[in-house]
Amino acid sequence: MSVSDSAELPANPTDASVQSELEREVARRRTFAIISHPDAGKTTLTEKLLLYAGAIELAGAVRGRKDRKAATSDWMELEQQRGISISSAALEFELQGRRVSLLDTPGHKDFSEDTYRALIAADSVVMVIDAANGVESQTRKLFEVCRRHRLPILTFVNKFDRPSRDPLALLDDIESTLGIAAAPVNWPVGDAERFRGVYDIQQQTLHLYEREAQGQYRAPMDISALDDPAAKELIGENVYAHFRESLDVIRSAGTHFDVDEYLAGLQTPVFFGSALTNFGLEPFLQALVDLAPPPSARPSDSGIVSPVDERFTGFVFKIQANMDPRHRDRIAFVRVCSGRFEKDMVLFNSRVGKQLRASRAYRFFGRDRETINLAYAGDILGLVNPGQFAIGDTVHTGEPLKFLGVPRFPAEHFGRVRLKDTRYKQFDEGLRQLEEEGLMQVFYTASGRREPIVGVVGALQLDVITSRLRSEYGVEVVIEPATFTAARWLPDPSAKFTLGGQGAVANDRLERTVVLFSSPWELQYFERQHPNVTLLAESPQGASAA
Ligand SMILES: Nc1nc2c(ncn2[C@@H]2O[C@H](COP(=O)(O)OP(=O)(O)OP(=O)(O)O)[C@@H](O)[C@H]2O)c(=O)[nH]1
Ligand SMILES: [Mg+2]
């Protein structure tokens, strides 16, 4: 789904006289995803943006002491144990008259399917770069997806409280590695323990910070002029001289920020700071409010859908079970693409052609939820999902339509799940619900339904399955490696074929035939031997040919 230029949005979100309620509400929505290589600081930055937006009073930590509050967006038990994000989290809050929806995504490649789907739900992106590491491999891959969808990108170069690369070299890295113009909006003063703050290039002011012990509260900040002797003294002669030198280079020869270039995805404004110590956060948050675009029009199979189109449309980009241990329900996360959602609305799901009443709708703040009665294009809406939705479904009122392009990746890692106790019912229910989330695919071979094969995109997801079956369904399993590398559905049940080697024939939950191949070579051989047999890399409901 690419961002289209044809969105006709009113320029002034507060000009009530000429706008409908729908236009006003859409114009004030800002929906963005935070992306990067693992560990660059997405979750920490998310937490601090919430702090600076006033959405939380005390910032939690990704991996802290036991008595320290956890980060809002890493709410899952396994995330807190490991100090990494596993699943994307949606956070919605009000800020300066805007309705902001933020998606914190996992950086690890094993969870990248979830990240790609969150990107599809966003209108713009925050790209985080570790100041010591520069542009890393996973950032590069995610950037390519952003470019394909023409998503505007703001860049935050993080961890300047640690020894960092030269800021000029970092800009150069962004430009040469990613092929996008990088326009510094502010410039760092010092690094590591001599990191003092940032200089706002446009406003020509120095923002000098003091460290706040654990970064739980806002860091005290002073604003002064570039030549202020007191500021110079505070910064220190050497650091100041070096900073001035590189600032002069950037002011004379650097890329200048241009909002249209940013919105077109041709340029990324770059901010420097430290999410951990709360340096450089308010200028960044302000830029998000000022620069990030409102919802744009989106292509569907029946033409471009404008966000201010009266009818309600949206698509499911994520399903998550058991977010709230008290409710134990399954939530379908819907990105609203047009119109106005009302509680109890009768919606259609274009895949199943059935109507349903949206009687329970929520907005989310990490794990926390709030019942809502209304939502507008741009919002991330949570609908309680007793098995009605699959990832990629379009929900709508009015004439049928489908939004395309919610990615599904074929499984590449396989394991055999063995139940270690007798709670078979819970085991089966857990597998079914986690499969619905898109965490894995489940296949049954001759050894029966008690020892299914699961297929995942990244091997770490096997750990997630084991952990979540234990904590959410109360069943102990072990997952042993299975030597398959690909699964392919056979849409024609009467297709004749022979399978040699280590491959296996299995069924999915709906008794459809799936062939499990033990190597890419075996798959290729099969295709050559059976030119008339159609193989699908996805289950046939939302299938694309392999
Ligand atoms: N020194 C320093 N450490 C930071 C900063 N920001 C984050 N960290 C640390 O870096 C580690 C990773 O931070 P996260 O916020 O979990 O990174 P992430 O990008 O969300 O990681 P994944 O979600 O697993 O991809 C944690 O130990 C953080 O405390 C920073 O500005 N300075
Ligand atoms: Mg994270």
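Two residues are said to be in contact when heavy atoms of one lie within 4.5 Å of heavy atoms of the other. In this predicted model, S539 is, in that sense, in contact with R408, W489 and R512, once its neighbours within four places in sequence are left aside. S539 belongs to the segment that follows helix α13 (520–529). With a relative accessible area of 8%, S539 is counted as buried, because that term applies to values under 20%.

The interior of the model can be described through its nonpolar cores. In soluble globular proteins, nonpolar side chains tend to be buried together. The largest nonpolar core here comprises 142 residues, and within this core F341 and L381 have the most contacts. Helix α10 (residues 281–291) supplies the largest share of that core, namely seven residues. The surroundings of L381 illustrate the packing: if residues up to four places away in sequence are not counted, L381 touches F312, A332, F333, V334, V336, F341, A361, Y362, I372 and A375. Apart from the largest core lies another one, of 13 residues, which includes F414, F484, A506 and L516.

Attention may next be turned to the two bound ligands. The magnesium ion, ligand 2, has as its protein donors the OG1 atom of T43 and the OG atom of S85, lying 2.0 Å from the ion. These donors come from distant parts of the chain, 42 residues apart, since T43 sits in helix α2 (residues 42–52) whereas S85 sits in the loop between α3 (77–82) and β2 (89–95). Both T43 and S85 are buried. Ligand 1 is surrounded by 19 residues, of which K42, T43, T44, S85 and D161 are the closest; T43 and S85 are thus found both among these residues and as donors of the magnesium ion. Several polar atoms of the protein approach oxygen atoms of ligand 1: a polar backbone atom of T43 is 2.8 Å from one such oxygen, a backbone N or O atom of G41 lies 3.0 Å from an oxygen of the ligand, and an N or O atom in the side chain of S274 is 3.2 Å from an oxygen of the ligand.

Helix α2, which carries T43, is mostly covered, with eleven of its eleven residues buried. Among these buried residues are K42, T43 and T44, which also belong to the closest neighbours of ligand 1. Just after α2, G54 adopts a positive phi of about 80 degrees. Helix α4 (residues 112–120) is likewise mostly covered, and nine of its nine residues are buried, including charged residues such as E113, D114 and R117 as well as A118, L119 and I120. The buried residues of α4 pack against the strands β1 (29–35), β3 (98–104), β4 (124–130), β12 (298–300) and β14 (313–321), and also against helix α5 (137–148).

Positive phi values also occur in two residues that are not glycines. D39, for which phi is about 75 degrees, is placed in the loop between β1 and α2, and with a relative accessibility of 54% D39 counts as exposed. N322, for which phi is near 60 degrees, is found in the loop between β14 and β15 (330–338), but N322 is buried, with a relative accessible area of 6%.

Oppositely charged side chains are paired in 35 salt bridges. In the salt bridge of E25 with R29, the closest N and O atoms are 2.6 Å apart, and both of these residues are buried. K109 forms a salt bridge with D110, with a distance of 3.3 Å between the closest N and O atoms, and D110, at 8% relative accessibility, counts as buried. A further salt bridge joins the side chains of D248 and R251, at 3.7 Å from N to O. These two residues are separated by about one helical turn, because they stand three residues apart in helix α8 (residues 237–253). Both are partly exposed, D248 with a relative accessible area of 37% and R251 with a relative accessibility of 31%. Elsewhere, salt bridges that share partners join E25, R28, R29, E92, E94, R99 and D379 into one network.

Notes:
Residues numbered from 1 in each chain as written. Chains lettered and ligands numbered in written order. Predicted model: local features only at pLDDT ≥ 70, side-chain atom pairs only at ≥ 80, totals over all residues. Heavy atoms only, no water. Core = buried A, V, L, I, M, F, W, Y, C linked by side-chain atoms within 4.5 Å. Buried < 20%, exposed > 50% of the residue type's maximum accessible area, 1.4 Å probe, protein only. Helix = DSSP H or I, 4+ residues; strand = E, 2+ residues; numbered from the N terminus. Donors = N, O, S within 2.8 Å, 3.2 Å for Na, K, Ca; no water. Salt bridge = Lys/Arg side-chain N within 4 Å of Asp/Glu carboxyl O. Near = heavy atom within 4 Å. Polar contact = N/O pair within 3.5 Å; in protein donor to acceptor, adjacent residues only side chain to side chain.
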